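Here is my note on the cysteines and on how some helices pack. Please read it beside the model.

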Amino acid sequence: MDNLQIIDLGEWAEDDFSGRCARAGMTRNKSRQDRTGWDYIVEFRARAIKGIPADLQPVDMSARAQVKSKKKGEPFVDLKLSNVLRFAKDPMPCFLVLYQATDGGEPVRIFARHFWTDEIALALRRARKAHGEGREDLHKLTVRYSFSDTDEHTGDLITWMDSIVSGRSRYAEEKRALVRSLGFVDGGIHGSLSFAAEDLEALIDHQIGLREEAPPVTVTIKQRRFGIDAKTPLFSGMPDIAHLRSHPVPARVRVRHPEGADIWLDGKLFLPAVPAPQELMKLRVVADFLEIVVTGSNKGKVTFDLDPDRKRGLTSHRALIEIMRLAAEGPLKLMVASEGYPNIPTQVELPGIEVDDALQQFSNVIACFEKASAGVLPPDLAVSKRDIDIAWNPIVDFNGMVAGTDFSGAFELTQALKDKVSVPTATFFFDYVEVGDWVFGAVVRRAVEEFELKGTTGRISLGSARVVEALVRRASGQKILAELYELYRQAFEPEKKMAFEMFGGSYRGLLNMSGKSAVANAVRSDGVDLHRQSAAE
C-alpha cells in the first residue's frame with residue numbers, strides 16, 4: 001500500500017495533466033507565476049473543413065485550465081473569489097480540474113468542470129453578495145465548487161475538453177452574453193417610492209391611467225442582480241414629472257344580454273401596484289370602445305369611446321351598437337375576467353343613452369357590410385364613423401342592392417319581340433362602395449316574382465336580395481371592377497337561359513336610369529333611413 005502513496009500530489013497532478021496533453025498532441029504552456037488562478041494554457045487544434053479556403057478556416061482554440069488536487073475527502077475545492085471572477089469574465093474557455101486521491105495515494109479520480117452557466121453564475125452571485133456586505137478584499141473570500149460523479153473524466157479528460165471547445169467560433173461572444181445576462185431573471189432595475197398619505201388616491205388613479213401625472217413622489221432606483229441591490233442607487237430623489245403606470249394584464253369583459261347571446265370583448269386590466277385600504281382601491285379595464293372603472297366598494301362606471309375618427313372592425317362596430325342598445329334598456333350587467341384574478345361582476349346605469357334614428361341607421365350600415373362581405377373579411381379591415389359619413393350616399397345605394405326587399409317597376413322596349421319570351425326566374429346585379437381605404441363589392445341574386453310583357457311594355461317585380469359573391473379589399477372600386485364583373489358573369493352564366501339581365505348587371509346603371517339613387521335625389525346622410533330610402537323599393 002505504501003508504494004501507492006503519492007508524496008507530492010500537486011506536482012504529480014500537474015505532471016499527469018501535462019502528460020495527457022502531450023499524448024493527445026495538444027500544446028500546453030505552464031504558468032510561471034500562478035497569481036490569477038490558471039496553471040496551463042492548452043491549445044486545441046482546429047479541425048480543417050475540406051474545400052474551404054485557408055482564410056476562412058477556423059483557428060486553434062486556446063483554453064485556461066486550473067489543476068487542483070486533494071488527498072482525501074469529498075471532491076470539492078475552495079477558490080479565491082478574485083480568481084473565479086477572472087475565469088467567469090475571461091472570454092477564453094476555462095476549466096477547473098481536480099485530482100482526487102484515495103487517502104493520499106492511488107487510485108486517483110479526475111474531475112473537471114467547464115466554466116459556463118452554473119459556474120459563472122456562482123462566481124457572479126458571490127461577487128454581488130460581497131458588494132452587499134461591503135467587502136472589496138475579494139482575494140480573501142472563497143467560492144466552493146463541488147463535483148459529482150457526472151463530472152468525472154478520469155479516462156477522457158483531454159478528449160472531453162476538446163469536445164467542449166471544438167467548432168465554437170462564437171464562443172467568446174456567447175460567454176460575454178452569459179456574463180451580461182445571468183442574475184437578471186426578475187429584471188435588472190428595481191425601485192421604491194414614497195409619497196404623502198393624502199396623495200394615495202391620486203397615485204392609484206395615475207397608476208391605472210385615470211390621471212396623466214403622478215403626485216409628488218420620492219423615487220429610488222437601483223440595479224438588482226441575483227436578488228441583491230447595488231449599494232449605490234442609479235437615481236434617488238423627487239423628479240419633476242413621474243409616470244408610474246401599472247403594466248396591464250389581458251382581460252375579457254362579458255356584457256350580459258337578457259335574451260340573446262352574451263357579448264365578449266378582449267381588453268386590458270389595470271390594477272394599482274401600491275397597497276391601499278379596500279375603500280380606496282380601484283381597477284380599470286379598457287376593452288375596445290368600453291372603459292370600466294370599479295371601486296373597492298364594487299361601484300362601477302362605464303364610458304364609451306365614440307371618437308368618429310377611430311377605425312374599427314365590423315365586429316367591433318356591431319358590438320358597440322348592441323351594447324348601446326342594452327344600455328338604453330336598463331343597467332348594463334358586466335363581468336371582468338382575467339387569468340389569476342377572481343371574476344369581478346358589476347352593474348352600471350347609463351342615463352342619457354337612447355336608441356334613436358341615428359343609431360338605427362348606423363346599425364343598418366354595418367348590417368349591409370356584414371351581409372355584403374359574405375365571410376371574406378380581411379383581419380385588418382377597419383373603418384371609422386367618419387369614413388361611413390363621408391361615403392353615406394353611395395352606401396345607401398349599395399345597401400339597396402344588398403339588403404333591399406321588394407323591387408317593382410315598369411319598362412318599355414324599343415321594339416316588340418318576334419318570339420315569345422319565357423318568364424325569367426332571376427336577375428343578377430353587381431356594385432361596389434368605397435369606404436375609407438377599403439372597397440366592398442358584391443354580386444346579388446334576386447328572384448323574379450312577377451313578369452309581364454305586352455308588346456313593347458312590361459312590368460317586373462323582384463324578391464329580396466341574396467349575396468352570392470363578395471370582395472373586400474384595401475383598394476379603389478376601379479381596381480376591383482374587372483374582377484367583380486367576372487364574378488357577376490360566373491354567377492349569371494349558369495342561369496342565363498332563365499335569367500333576366502338588366503343594364504349588363506350594373507346596379508348603378510339601374511339606379512341612374514330609374515332616378516332612384518341617393519346621389520340623384522341628393523339625400524342627406526343625417527336624414528336617411530336605409531330601409532325606407534332604399535333604392536330597391
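The points below cover the basis of the values, the cysteines, and two helix pairs.

1. This is a predicted model, with local features needing pLDDT of at least 70, side-chain atom pairs counting only at pLDDT 80 or more, and totals for chains, interfaces and linings using all residues. Residues are numbered from 1 along each chain as its sequence is written, and side-chain values use heavy atoms, leaving out hydrogens and water.

2. The count of disulfides (cysteine sulfur atoms within 2.5 Å) is zero. Cys21 is in none; its nearest cysteine sulfur, that of Cys94, lies 15 Å away. Cys21 counts as buried (under 20% relative accessible area, 1.4 Å probe, protein chains only) because its relative accessibility is 0%. Cys368 is also buried, at 1%.

3. Helices here are DSSP runs (H or I, at least four residues), numbered from the N terminus. The axes (lines fitted to C-alpha atoms over the stretch in contact, with angles from 0 to 180 degrees between N-to-C directions) of H2 (residues 81-89) and H3 (residues 117-132) come within 9 Å and cross at roughly 130°. H2 and H3 are therefore oblique, meaning outside the ranges under 35, over 145 and 65 to 115 degrees. In contact (heavy atoms within 4.5 Å), Leu81, Val84, Leu85, Ala88 and Lys89 of H2 meet H3 residues including Ile120, Leu124 and Arg126.

4. H3 also packs with H5 (residues 171-181), at about 40° and with axes 10 Å apart. H3 and H5 are therefore oblique too. Thr117, Ile120 and Leu124 of H3 meet Lys175, Leu178 and Val179 of H5.

Conventions
Buried < 20%, exposed > 50% of the residue type's maximum accessible area, 1.4 Å probe, protein only. Helix = DSSP H or I, 4+ residues; strand = E, 2+ residues; numbered from the N terminus.
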